[in-house]
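Open the model in your viewer and keep the selection panel at hand. The tour goes stop by stop.

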Amino acid sequence: MPDLATEIFTESVQFLQHQIPVTIVTGFLGSGKTTLLNHILNNRQGWKVAVIVNEFGDIDIDSQLLVAVDENMVQLANGCICCTINQSLVDAVWAIAKRVESIDYLVIETTGIADPLPIVRSLTTTALQQVTRVDSVLTLVDAESFTSAHYSSEAALNQLIFGDIILLNKTDLVAPEIVADLEHYIRSIAPNARIIATEHGRVPLPLILDVGIDRTNVGLESPKSGHEHSHHLENDGFVAVSFESDLPLILPKFQDFLDRLSPDVCRAKGILKFQGSQLHHVLQMSGKRYEMKSISVEKSASRSPPLNANQLVFIGRNLNAEAIRTQITECLAI
Ligand SMILES: Nc1nc2c(ncn2[C@@H]2O[C@H](COP(=O)(O)OP(=O)(O)OP(=O)(O)O)[C@@H](O)[C@H]2O)c(=O)[nH]1
């Protein structure tokens with residue numbers, strides 16, 4: 001019978017034969033990461049793609065809005081994989097790597113406020129380097145709501161600095177001159193990145209996956225090396241406020257609530273039920289813009305939101321959680 005050391009060695013050699021390429025999808029709140037992930041999953045053409053989806057809030061909205069990826073999807077909620085729940089990321093990647101024969105590619109979707117650098121480090125400076133190869137850091141930029149003020153968040157700045165590929169997304173919402181100006185500005189921050197203008201993250205996959213960027217020494221040097229990243233949430237002041245209720249919302253009241261929402265809320269998303277409607281609705285708000293789309297009961301019932309339940313997450317700086325929850329409660333049909 002082989003001893004433990006031999007077993008570990010044998011297992012490692014098997015791993016070494018196949019390093020799973022990994023794309024880390026990052027980008028500020030609401031920039032289009034989940035939309036891009038769905039584009040990748042819809043066009044993967046026979047590739048077995050595993051995804052790890054990280055949510056900052058304690059309600060996992062994103063994975064409910066992804067096209068089905070069944071057992072190859074891992075949800076990591078209620079924390080940020082670049083800091084507070086980094087160990088969960090490491091464990092999840094190991095678990096996926098152990099199924100090495102069945103996975104061709106791994107995509108990690110970070111929260112909108114994640115710093116990609118600690119994630120790259122987790123993959124390249126630990127034992128995970130034996131089983132994974134960071135193919136690229138892919139950063140989405142929302143062409144409509146982009147402002148240099150985002151970069152008072154160090155994590156958001158690092159998303160650009162360490163982006164190998166930058167998708168300048170939502171170009172349908174702005175004039176071509178603004179796209180050109182933004183590209184110029186981004187180029188000044190990330191001179192070596194490949195910048196691609198997109199709508200709804202639609203980009204030919206060979207341009208963004210398995211591009212084999214040489215990461216030797218890349219991503220290990222930070223402009224602020226020595227900085228303790230594990231406190232970035234406190235430094236950046238971002239919080240997530242969650243709300244759930246089995247009672248339906250009254251639509252006009254809820255719309256009024258959204259219109260009066262504090263500008264400190266930079267992102268909101270949710271799966272909602274309104275009084276008098278059999279459908280579930282998906283709320284997407286980034287910046288001041290919001291949209292609500294109905295989804296069929298069958299689709300929503302196949303995933304976690306129980307029928308008649310509302311699930312909402314608000315993300316922003318210095319939010320007053322109690323005030324937000326009180327205001328939504330006033331929109332419920334009691
Ligand atoms: N008009 C327009 N809307 C877009 C585009 N890409 C994404 N959206 C919309 O923007 C909203 C946010 O997109 P998501 O893909 O959820 O953004 P995200 O980066 O995953 O958001 P977080 O994970 O919460 O940070 C959704 O309503 C999308 O449909 C685009 O190119 N054009």
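**Stop 1: Aspartate 58**

Select aspartate 58, which sits in the loop linking strand E2 (49–54) to strand E3 (73–76). This is a predicted model. Is aspartate 58 buried or exposed? Neither label fits: aspartate 58 is partly exposed, because 13 other C-beta atoms lie within 10 Å, and a buried residue needs 20 or more while an exposed one has 12 or fewer.

Now add its contacts. Leaving out residues up to four places away in sequence, aspartate 58 touches Ala77, Asn78 and Ser242. Add glycine 79 as well. It is 21 residues along the chain from aspartate 58, yet their C-alpha atoms are separated by 7.7 Å.

**Stop 2: The two domains**

Color the protein chain by domain: domain 1 is 8–233 and domain 2 is 237–329. Then select the residues where they meet. On one side are 14 residues of domain 1, in contact with 18 residues of domain 2. The domain 1 side of this contact has seven nonpolar, five polar and two charged residues.

**Stop 3: The ligand**

Center on the ligand. Which of the 22 residues around it come nearest? They are Lys33, Thr34, Thr35, Gly112 and Gln284.

Show the secondary structure next. Helix H2 (33–42), strand E9 (265–273) and strand E10 (280–286) each give at least two residues to the shell around the ligand. H2 provides the largest share, three residues. Color the shell by class: twelve residues are polar, eight are charged and two are nonpolar. Both domains take part, since at least three shell residues come from each of domain 1 (8–233) and domain 2 (237–329).

**Stop 4: The nonpolar core**

Hide the ligand and move to the largest nonpolar core, which has 80 residues. Pick out Ile24, Ile119 and Leu167, the residues with the most contacts inside this core. Where does the core lie relative to domain 1 (8–233) and domain 2 (237–329)? It lies between them, because both give residues to it.

Stay on leucine 167. Its contacts, not counting residues up to four places away in sequence, are Leu36, Leu138, Leu140, Val141, Ile196, Thr198, Gly201 and Val203.

**Stop 5: Helix H4**

Select helix H4 (residues 116–124). Seven of its nine residues are buried, so the helix is mostly covered. The buried ones are Pro116, Leu117, Pro118, Ile119, Val120, Ser122 and Leu123.

What covers them? Show strand E1 (20–27), helix H3 (86–97), strand E4 (105–109), strand E5 (132–142) and helix H5 (154–161), which are included in the cover.

**Stop 6: The whole chain**

Zoom out. The protein chain has ten helices and twelve strands. It has 334 residues, of which 41% count as buried. Among contacts with a separation of 6 or more, 78% join residues 24 or more positions apart.

**Stop 7: Confidence**

Color by pLDDT. The protein chain has a mean of 83, and 82% of its residues reach 70 or more. Which elements mark the lowest and highest mean pLDDT? Helix H9 (residues 297–301) has the lowest, at 48, and strand E6 (residues 165–169) the highest, at 97.

Then select residues 219–229. Here pLDDT stays under 50, and the model has twelve contacts beyond four places in sequence for this stretch. For the complex, the predictor gives an ipTM of 0.99 and a pTM of 0.83.

Key
Residues are numbered from 1 along each chain as its sequence is written. This is a predicted model: local features need pLDDT of at least 70, side-chain atom pairs count only at pLDDT 80 or more; totals for chains, interfaces and linings use all residues. Domain bounds come from an automatic or database domain assignment. Two residues are in contact if their C-beta atoms, placed from the backbone, lie within 7 Å. Ala, Val, Leu, Ile, Met, Phe, Trp, Tyr, Cys and Pro count as nonpolar, Asp, Glu, Lys and Arg as charged, and the others, Gly among them, as polar. A residue is near a molecule or strand if its C-beta atom, placed from the backbone, lies within 6 Å of it. Helices (H or I, at least four residues) and strands (E, at least two) are DSSP runs, numbered from the N terminus. A nonpolar core is a set of buried Ala, Val, Leu, Ile, Met, Phe, Trp, Tyr and Cys residues joined through C-beta atoms within 7 Å. pLDDT is the predictor's confidence in each residue, from 0 to 100.
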